[in-house]
Amino acid sequence: MFRANEQHSNLGQQILKPPLLNVLAHRPTLQKFRKHLIKEWAVENLLFYEDVTKLQIKATKLAPPRIIIKIAQIYDKYLSNGAKFEVNLSEHTAKPIHIFYKKNQLSVIVRQARQRKFMASKSLTLDFVANIQMVHKRNLSQGRIIDGKMAQLIEEGSKLLARAKAEVFHLLDNDSYPRFLLSEGIQAHIQDNKVFLLEELGKDKDYKDERKKRRRSTGTGTNVSSIATSTNLAL
């Protein structure tokens, strides 16, 4: 539901507070939120959320080796100790992820894939995905990793990332987002874009017609339902 029940302490006005998912689905507002997070030195939370969501949406179209590599890439970028964009997770959430990554089966695939990528970058004869697939086939032929084990790794890694994503979303929604709503010019922006940000209007014909009209003219208006679905979606 669209929430407008918080009082602005200085102006005595109601604070317009659309659901965060609607903000993430509306490109102009998302860009403003991203800039706000950069100023707060907290943009890694949004980047992590976006990357996990993209993987969740695309996972059904990816080969198993590529899914594992993407899980590993997300770990390296956001979750490993000293990661470039390290997100702050609770120990309850982070510890199982670290244990999972250190499992021999996953580390073998990742290490060999990176080695193949480096070799291919010199010859320019194979792309990264092809290298991963080659490693996967070689592992299968040597009996190191079987399909069932790879499926198990994907399932476990997917659940761990989904749990981390839910925690990061909660952090965004309860920490950075309330401050964003009170930052300069945001309330006026929300007021001007209520047709996109008011969730309860999502089923109205006028709302849908207006979204289509503005999307054609401005190129804005990401599908809210796809992001909402992926929020609780396993990889």
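Below, a colleague asks a modeller about the reasons behind some labels in this predicted model.

Colleague: What makes up the protein chain, in helices and strands?

Modeller: The protein chain has two strands and twelve helices. Along the sequence the pattern is β-β-α-α-α-α-α-α-α-α-α-α-α-α, with the strands written before the helices. Of the 235 residues, 42% are buried. Among contacts between residues at least 6 apart in sequence, 64% join residues at least 24 apart.

Colleague: Why is leucine 37 called buried?

Modeller: Buried means under 20% relative accessible area. Leucine 37 has 0% relative accessibility, so leucine 37 counts as buried. This residue, leucine 37, is found in helix 2.

Colleague: What does leucine 37 touch, leaving out residues up to four places away in sequence?

Modeller: Leucine 37 touches Ala42, Val43, Leu46, Leu172 and Ser176. A contact means heavy atoms within 4.5 Å. For leucine 37 and leucine 172 there is also a C-alpha separation, 9.4 Å, although the two are 135 residues apart along the chain.

Colleague: Why is tryptophan 41 called exposed?

Modeller: The label exposed needs a relative accessible area over 50%. Tryptophan 41 has 76%, so tryptophan 41 is exposed. Its place is the loop between helix 2 and helix 3.

Colleague: What is noted about phi of tryptophan 41?

Modeller: Phi of tryptophan 41 is near 60°, which is a positive value in a residue other than glycine.

Colleague: How do you know that arginine 179 and glutamate 40 form a salt bridge?

Modeller: In general, side chains of opposite charge can pair when their charged atoms come close. The rule asks for a side-chain nitrogen of Lys or Arg within 4 Å of a carboxyl oxygen of Asp or Glu. The closest N and O atoms of arginine 179 and glutamate 40 are 2.6 Å apart, so the pair meets the rule. The two residues belong to distant parts of the chain, with arginine 179 in helix 8 and glutamate 40 in the loop between helix 2 (27-39) and helix 3, 139 residues apart.

Colleague: Are arginine 179 and glutamate 40 buried, exposed or partly exposed?

Modeller: Partly exposed covers the range between the 20% and 50% limits. Arginine 179 has 39% relative accessibility, so arginine 179 counts as partly exposed. Glutamate 40, at 24%, is partly exposed too.

Colleague: Which residues are linked with arginine 179 in a network of salt bridges?

Modeller: Glu40 and Asp175 are linked with Arg179 in that network. The count of salt bridges by this rule is five.

Colleague: What makes lysine 77 and aspartate 51 a salt bridge?

Modeller: The N to O distance between the side chains of lysine 77 and aspartate 51 is 3.5 Å, and the limit is 4 Å, so the pair counts. Lysine 77 lies in helix 4 and aspartate 51 in helix 3, so the salt bridge ties together parts that are 26 residues apart in sequence. Lysine 77 is partly exposed at 34%, and aspartate 51 is partly exposed at 22%.

Colleague: Why are lysine 159 and glutamate 155 separated by about one helical turn?

Modeller: The two are four residues apart in helix 8, and so about one helical turn lies between lysine 159 and glutamate 155. They form a salt bridge, with the closest N and O atoms 3.4 Å apart. Glutamate 155 counts as partly exposed because its relative accessibility is 46%.

Colleague: Why does glutamate 44 have no salt bridge?

Modeller: The nearest side chain of opposite charge, arginine 179, is 10 Å away. The limit for a salt bridge is 4 Å, so arginine 179 does not form one with glutamate 44. Glutamate 44 is buried and lies in helix 3 (residues 43-58). Leaving out residues up to four places away in sequence, glutamate 44 touches Tyr78, Phe85, Glu86 and Val87.

Colleague: How many cavities of 30 Å³ or more does the structure hold?

Modeller: The structure holds one. As a general point, rolling a probe the size of a water molecule over the atoms shows where empty space is left. The largest cavity has a volume of about 40 Å³.

Colleague: What lines the largest cavity?

Modeller: The lining consists of Ile71, Tyr75, Ile97, Phe100, Tyr101, Gly157, Leu160 and Leu161. Helix 4 (64-79), helix 5 (91-101) and helix 8 (147-181) each supply at least two residues of this lining. By class, the lining has seven nonpolar residues, one polar residue and no charged residues. Gly counts as polar, so Gly157 is the polar one.

Definitions and conventions: Residues are numbered from 1 along each chain as its sequence is written. This is a predicted model: local features need pLDDT of at least 70, side-chain atom pairs count only at pLDDT 80 or more; totals for chains, interfaces and linings use all residues. Side-chain values use heavy atoms; hydrogens and water are left out. Buried means under 20% relative accessible area, exposed over 50%, partly exposed in between (1.4 Å probe, protein chains only). Lys and Arg count as positive and Asp and Glu as negative; His and the chain ends are not counted. On a 1 Å grid over the protein atoms alone, a cavity is a set of points where a 1.4 Å probe fits but cannot get out, and a pocket is an open set with protein on both sides within 12 Å along at least five of seven lines; lining residues have an atom within 4 Å of a point. Grid points are joined across faces, edges and corners, and a volume is the space filled by probe spheres set on the points.
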